[in-house]
Amino acid sequence: MGDPAGIGPEVTIKALASSSISGLANFLVIGDRFVIDKACRDMRLKFRMPFLDIGNVNLKKFDYGREGAAFGKAAMQYIDKALGLLGRRKVDCLVTAPLNKASVIASGLSDFEGHTEYLAEKTGTKKAAMMFVGKKMKTVLVTRHIALKDVPKNLSAEAIYDTIAITHEYLRKFFGIKRARIGVAGLNPHAGEGGVFGREEGDIILPAVKRAV
């Protein structure tokens, strides 16, 4: 259910209250039951899904909209519990609600970047990507969870090619798109304008695109 003090409980309850979502799978929600119950009362919604109560948040110190190590620790314990169930094949897939990175880092995971990187590390996945899925367009990122000023130095032709390749593979495997149309965005204004506004397009991005064609 994500960060107990964040938007996660509300997102979880509202999503599962929708008939278009609730019937898609046999859902099991992992979190703190009293937080879910409180959120249901506040939103005047009912929650009828199976629930695994970790019970790791202090009720007396709980409040919405707060950062804190205890909340970050709880959010990661929910994820770790879910990963354990996946590893034992008790569940088929994982859906995560938002968490607060500052709270997670405060809990002791000083190198935490985000869900994508954490799940890749825990599952031994060497190549992973984050995809935003819309009805007509899906967007996949080459860089994730870094400051904007650090993006250029974290780009490489290899990373861009790997992102194109994994995107193509998963569009075909999970969305049934046999001939995907993949567009690659430029980094600089006007895609560098022939080197006037930056050379990343010609030096890094174009070689990766040509390799993928």
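The lining of the largest pocket is mostly a nonpolar affair, with 16 nonpolar residues, 6 polar and 1 charged (nonpolar means Ala, Val, Leu, Ile, Met, Phe, Trp, Tyr, Cys and Pro; charged means Asp, Glu, Lys and Arg; the others, Gly among them, are polar). All of this comes from a predicted model, where local features need pLDDT of at least 70, side-chain atom pairs count only at pLDDT 80 or more, and totals for chains, interfaces and linings use all residues. Residues are numbered from 1 along each chain as its sequence is written, and side-chain values use heavy atoms, with hydrogens and water left out.

Stay with that pocket for a moment. It holds about 1100 Å³ of space, and if you head for its centre, the closest of the 23 lining residues are L94, L119, A129, M131 and Y170. Helix 4 (69-87), helix 6 (115-123), strand 3 (131-133) and helix 7 (157-175) each give two or more residues to the lining. A pocket here is an open set of points on a 1 Å grid over the protein atoms alone, where a 1.4 Å probe fits, with protein on both sides within 12 Å along at least five of seven lines; lining residues have an atom within 4 Å of a point. Points are joined across faces, edges and corners, and the volume is the space filled by probe spheres set on them.

Now zoom out. The protein has 8 helices and 4 strands, taken as DSSP runs numbered from the N terminus (H or I, at least four residues, for helices; E, at least two, for strands). Read from the N terminus, the order is α-α-β-α-β-α-α-α-β-β-α-α. The C-alpha trace spans about 60 × 35 × 35 Å along its principal axes.

Two of the pocket's helices also meet each other. The axes of helix 4 and helix 6 come within 12 Å and cross at roughly 40° (axes are lines fitted to C-alpha atoms over the stretch in contact, and angles run from 0 to 180 degrees between N-to-C directions). That angle makes helix 4 oblique to helix 6, oblique being what is left after under 35 degrees (roughly parallel), over 145 (roughly antiparallel) and 65 to 115 (roughly perpendicular). On the helix 4 side, M76, I79, D80 and L83 meet H115, Y118, L119, K122 and T123 of helix 6, contact meaning heavy atoms within 4.5 Å. By class, this contact has 5 nonpolar, 2 polar and 2 charged residues.

Helix 7 has a partner too: it packs against helix 8 (residues 200-212) at about 40°, with the axes 8 Å apart.
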